[in-house]
Amino acid sequence: MTTRILFVCLGNICRSPTAEGVFTALAEQAGVAVDIDSAGTGGWHVGDPPDARAQAEAARRGYDISGLRARQARAKDFECFDLILAMDRANHAALERMRPAGNETPVRLFLDYADSPRDEVPDPYYEGGFDLVLDLIEQASRGLLEQIAR
């Protein structure tokens, strides 16, 4: 059975497309069937590729996210995915506000799956730290894959 997962950050140009690319690659390597997408709670970057800095850091580690394009999260996503993973508490709250009445799709923080003292993936758009973001995403992706494989 294929697990359907949506990764969500604010603009869908840094953290969530990185998570989409990393998780997709690691799942393929592990032979785990998944259907992955990413979105942003905001619509400023719809149709844009991932931030050039995110692409560069991902490429340094062997992940190609250049073909991804930003989209905005929508209420229908709650019907289309088995699990929705937010990069931080603000995006988690935004997702909960758009949740359709009666929907029970789990919305969790992505770093719930990492062995890390952090609970949020920091937004590198203004502050940088794309290497740290990739470290956290790789760690959480491995933890999530372990849980799915069980």
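The following paragraphs describe a predicted model, moving from strand β3 and its partners to helix α4 and then to the packing of helices around α6.

Strand β3, which spans residues 83-86, is a convenient starting point. Both of its faces are covered. On one side stand L83 and L85, on the other I84 and A86, and all of these residues are buried, in the sense that each has under 20% relative accessible area.

Two other strands pair with β3. Strand β1, residues 3-9, runs parallel to β3 and is joined to it by 4 bridges. Within this pairing, I5 has L83 as its bridge partner in β3. Strand β4, residues 107-109, also runs parallel to β3, and 3 bridges join the two. Here L85 stands opposite R108 of β4. Between β3 and β4 the chain passes through helix α4, residues 89-98, and the resulting β-α-β crossover is right-handed.

Helix α4 contains H92, a residue that links this helix to the strands just described. Apart from its neighbours within four places in sequence, H92 is in contact with A86, V107, R108 and L109. A86 belongs to the buried set of β3, while R108 is the residue of β4 that L85 faces. H92 can also be related to C9: the two are 83 residues apart along the chain, yet their C-alpha atoms are separated by 8.7 Å.

Attention now turns to helix α6, residues 130-149, and its packing against helix α1, residues 15-30. The axes of α1 and α6 come within 9 Å and cross at roughly 45°. An angle of this kind makes α1 oblique to α6, since it falls neither under 35 degrees nor in the range of 65 to 115. The crossing is right-handed. From α1, the residues R15, T18, A19, V22, F23, L26 and A27 take part in the contact. Their counterparts in α6 are V133, L134, I137, E138, S141, R142, L144, L145 and I148.

Helix α2, residues 52-60, packs against α6 as well, at an angle of about 55° and with the axes 9 Å apart. The two helices are therefore oblique to each other, and the crossing of α2 and α6 is right-handed. On the α2 side the contact involves R53, A54, E57 and A58, which meet F130, D131 and L134 in α6. L134 thus appears in both packing arrangements, meeting residues of α1 and of α2.

Technical notes
Residues numbered from 1 in each chain as written. Predicted model: local features only at pLDDT ≥ 70, side-chain atom pairs only at ≥ 80, totals over all residues. Heavy atoms only, no water. Buried < 20%, exposed > 50% of the residue type's maximum accessible area, 1.4 Å probe, protein only. Pairing = 2+ DSSP bridges. Right-handed = clockwise from strand over helix to strand, strands pointing away. Axes fitted to C-alpha atoms, helices over the stretch in contact; angles between N-to-C directions. Parallel < 35°, antiparallel > 145°, perpendicular 65-115°, else oblique. Left-handed = near helix turned anticlockwise from the far one by under 90°. Contact = heavy atoms within 4.5 Å.
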